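Me: Got a model open here and I'd like to talk through it. Can you take my questions as they come?

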Amino acid sequence: MSCKHYKNSPQKYYKIISFATFVGLLYACSTTKKVPDGEYLLTRNSFEFGDKKEFFDEELKDYVQQKPNKKQLLFMPLTLAFYNMADPKYDTILNEYMTYPREMRNQKLRDSLFIKYNMKSSIGKSLFLDRVLHSWGTPPVILDQSRSEKSAESIKKRLIYRGFWDADVTFKHKLDSASKKAAVNYFIKHNDPTYIKEYYYNIPDQGIKNIYAHQRDKTLVRAGQVLDQTVLEKEVTRITDLMKDFGYYKFNSSNDEVYFVADSLKSKKQVPLTLEIHKDSLDRPYKVATFGNIDIAIVDEPSDYPKNTVKDSLRRVRFHKVNDNYKTSSLWRAVIVDSKKMYDQKKLDVTKRNFLAMNNFSIIKARDSLRQGGISSPNDSIVDVLYVLKPLPKYDLKVGTDINYSQVLNLGISPSIDLTTRNVFRGAENLSTSVSGTFGSIRSTQNIDKRTTAYEISAQASLNFPRLLLPFNYYKFLPKRYTPTSSILLGASVQNNIGLGRTNFNTGLNYQANINDQVYHKLTLFNTQVSLTKNKDAYYDYFPNDNKIREDIFNNYFAFNPETAQTGQDFRDGLLSIDDVSKKIIENSDYRNSLNQQGNDLLTAFRGTLVNKDRQTQDVLISSMIYNFVYNEIGKKDYPNAFYFNGKVELAGNILSIFNKKDNDGGLVSSPQKTIFGIPYAQFVKFDIDARKYFKFNGNQTLVLRQFIGVGIPYGNSEDMPIIKSYFNGGSNDIRAWVAFGGLGPADSQVDERVRTYMTDNVKLTTNIEYRIPFNSMYEGALFTDIGNTWSLRNYNDGYADEFKFNKFLGQVGIGSGFGLRINIAYITARIDLAYKIYDPNKPEGDRWRFKNFQPFKPTLNIAFGYPF
């Protein structure tokens, strides 16, 4: 901010500075308002390290017993301010008042407390405001010096637990009597850690020993490592899960069968470590368990089983039902466990997951236990399994309104009505129907600096099957443990996004399979979309920028020679349409050859308007097959540095190409196409790759790297990708310094931005880097950089120079950086990102780096919900 700027508007900045000063003084005065004399408000715990910091040091703050009041507004504890705003003379009464159950809190109780504390003059007062402030607020955290000593002891114990047996922890209080505030400084010195000198194992049971020895290369504990007990705990968990996978039922259930012994008699720096696995003090052998009876009960009430049920069976699974609402075969498909097969905990988990995924039942009871007599007879290792299920209601109606953000509609509101009808054909099939609308705003085609109202209304029906819809038995190549499902979709929507609007119809048949918790496959056998454009003749009414370019080149063309002047007269007399004249301009080589550089730039921009017009008004039929593969470690506790991969391949148009068809007339710059029912069909193959890697730092900070690669290859009946399958730049989940359809790309094309704004292309590369820094449980900051653009796969000789070339593309990417704030409210994350253009490839050479044009108070604002990736 320059001094000149300040001098030109001193009042505005005076008000801002005054308000900031007032808030600062209010904060400073209010925090200690209710701190008793001689006491101190704890404001900060700090940590100083006398040697090299370790990777786990961030967790040490969790072992401090006293923490300052939480800061909700980044710089001040809002709840403490609320508490201090309540009248202090009522604090004692309100503290006791809040201990009573809610139904007892009334005026009668308040009056009795007034009498108890000799405040008879307050009888009858509701204290409404004080009660609200008191309930919202939190009392000041008063420094307890003895708890600082206990905190230092807890920190030292944690360091010892982490392998630093000689760690030293001291503390010092920093007291400010004038302000009644205190801080505690903890001084930590790790000193040299204790290492594992040799690693042994003592496992008397030969079966357990063989399994461990066979997979010893996966052990987390090795000689030469720091003797970190958290690692030993993880190794115990790994061994426990491993043995359960090999059929040892309830292995280490009491958590005392697997443990480590460290011999520290000779040295505290180099310690031999031994893994011990014993069933009991007698070292009795373990026994592999097998599944016995498998019972599935479908009941209306828990008491119905077993007396009110009828027994049925299918392939070693026993079913107990109170009626025939559900086919036995549909229930059998969800059961992964198999009688007389080796016990496997994962099969129990998948069976439970399958029943819940059917969205037809609540699980009243899920029990696995040794067959009766197993407790008194340890050699009995038969595990019986029981699931008691209660059907969910037949119909489930939901009415709601969402606030959302999309790349096209920006911030919008979406009312919806959803109806789920369960068990349609007695096979746990669910019919989901929904009607929804999205209303928001988009970039105006008449003025790209403004926004205009837009909407989308859609209806969709989805029939979901807990099996694959195939005419043969598929369980040999796709086992039940993969939870195969199918769905049939049918939908329609009406959009009014850019004035022209579209009517879309879609249908599809999908197959899904979950290989495990990380791997997911989806095959859309056919996905058919019909997209019809409304108001085609009004294109230039809705795109006045295109119309301005058209008018400029029409006037230039009409003045070229007598022949073109006659064309102009015929156009004004209504003998020629806009498209007729546009075609003449494109085909007139003499006119093109006469143009100077300015005229060629205008012609290139005009050609761009024609491309936009053909694509924006295109009717298209897309019938494609899509394969989607997802590998996802996000949210899994075993993967702190999670990886995510989403790969998709789409192949469209090949089936339609074998039917009888005829050509249409084509567009102004597009060739004639084959049609089905008068609608051109698209042929293309499309590849999308979305890869992300998450790195955790300092306990709760996260660095996220994302790479998106998209390639669409039109062929056969298509010269270009359909606009609804093409790539564009910008938006809150993409390159945030540009809004969606905000003029970035394609490549480093210098074509007029008014035209370039709505250009899409068939190659896209985007790299995102984001560093997330939590301030507390509610607020999180972020720093980010987005890099990318779109290109054409080949040179169309259209003058845009947007072809992707390996030796040029790095200099054609757009770069944007910025910062943001995330606010976590309940289960919703609201996001505000402020982004700035750093490098704009569409500017002339020498003006692409935007530092000299940097305007800190004019960022690109992105408001969204959820993380961008």
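Reply: Sure, and first a word on names: helices (H or I, at least four residues) and strands (E, at least two) are DSSP runs, numbered from the N terminus. This is a predicted model, so local features need pLDDT of at least 70 and side-chain atom pairs count only at pLDDT 80 or more, while totals for chains, interfaces and linings use all residues. Residues are numbered from 1 along each chain as its sequence is written, and side-chain values use heavy atoms, with hydrogens and water left out.

Me: Ok. Which helix is Thr-609 in?

Reply: Thr-609 is in helix H17.

Me: Buried or exposed, that Thr-609?

Reply: Thr-609 counts as buried, because its relative accessibility is 0%. The cut-offs are under 20% relative accessible area for buried and over 50% for exposed, with partly exposed in between (1.4 Å probe, protein chains only).

Me: What is Thr-609 in contact with, leaving aside neighbours within four places in sequence?

Reply: Tyr-539, Asp-546, Ile-549 and Val-755 are in contact with Thr-609 on that basis. Contact means heavy atoms within 4.5 Å.

Me: And the helix as a whole, how many residues of H17 are buried?

Reply: 14 of the 20 residues of H17 are buried, so the rest of the structure largely encloses this helix.

Me: What span should H17 have, and how far apart are its end C-alpha atoms?

Reply: H17 covers residues 597-616, and at 1.5 Å a residue its 20 residues should span 28 Å; the end C-alpha atoms are 28 Å apart, which agrees. The expected span is 1.5 Å times one less than the number of residues.

Me: What caps the N-terminal end of H17?

Reply: Asn-596 does, with a side-chain oxygen 3.2 Å from the backbone nitrogen of Gln-598.

Me: Now the hydrophobic stuff. How many residues are in the largest nonpolar core?

Reply: That core has 26 residues, and those with the most contacts inside it are Ile-553, Phe-554, Val-581, Ile-585, Tyr-591, Leu-603 and Phe-606. A nonpolar core here is a set of buried Ala, Val, Leu, Ile, Met, Phe, Trp, Tyr and Cys residues joined through side-chain atoms within 4.5 Å.

Me: Which elements give two or more residues to this core?

Reply: Helix H12 (539-542), helix H13 (544-558), helix H15 (578-587) and H17 do. H13 gives the most, with 5 residues.

Me: What does Phe-606 touch, not counting residues up to four places away in sequence?

Reply: Phe-606 touches Ile-549, Arg-550, Ile-553, Phe-554, Ser-582, Ile-585 and Ile-586. Apart from this core lies another, of 24 residues, among them Val-335, Met-358, Phe-361 and Val-385.

Me: Switching to sheets. What's the order in the open sheet that has S1 in it?

Reply: The order is S1-S3-S2, 3 strands with mixed pairing. Strand S1 (41-49) and strand S2 (168-176) are at the edges with a single partner strand each, so one side of each has no neighbour in the sheet. From one strand to the next, the twist averages 20°. Two strands pair if DSSP finds at least two bridges between them.

Me: How many bridges between S1 and S3?

Reply: 8 bridges, in the parallel sense, with S3 being residues 181-189. Ser-46, for one, has Asn-185 in S3 as its bridge partner. Helix H7 (residues 145-161) packs on this sheet, touching S1, S2 and S3, and its direction makes about 150° with that of S2. Axes are lines fitted to C-alpha atoms, for helices over the stretch in contact, and angles run from 0 to 180 degrees between N-to-C directions.

Me: What about backbone oddities, say phi of Lys-180?

Reply: Lys-180 has a positive phi of about 60° although it is not a glycine. Lys-180 is in the loop between S2 and S3, and it counts as buried because its relative accessibility is 18%. Asn-423 is a residue other than glycine with a positive phi too, near 55°; its loop runs between strand S13 (410-421) and strand S14 (430-443).

Me: Last one: where is the peptide bond to Pro-306 cis from?

Reply: From Tyr-305, with omega near 5°. Pro-306 lies in the loop between strand S7 (290-298) and strand S8 (310-314). A cis peptide bond also joins Gly-745 and Pro-746, with omega about 0°.

Technical notes:
Polar contact = N/O pair within 3.5 Å; in protein donor to acceptor, adjacent residues only side chain to side chain.
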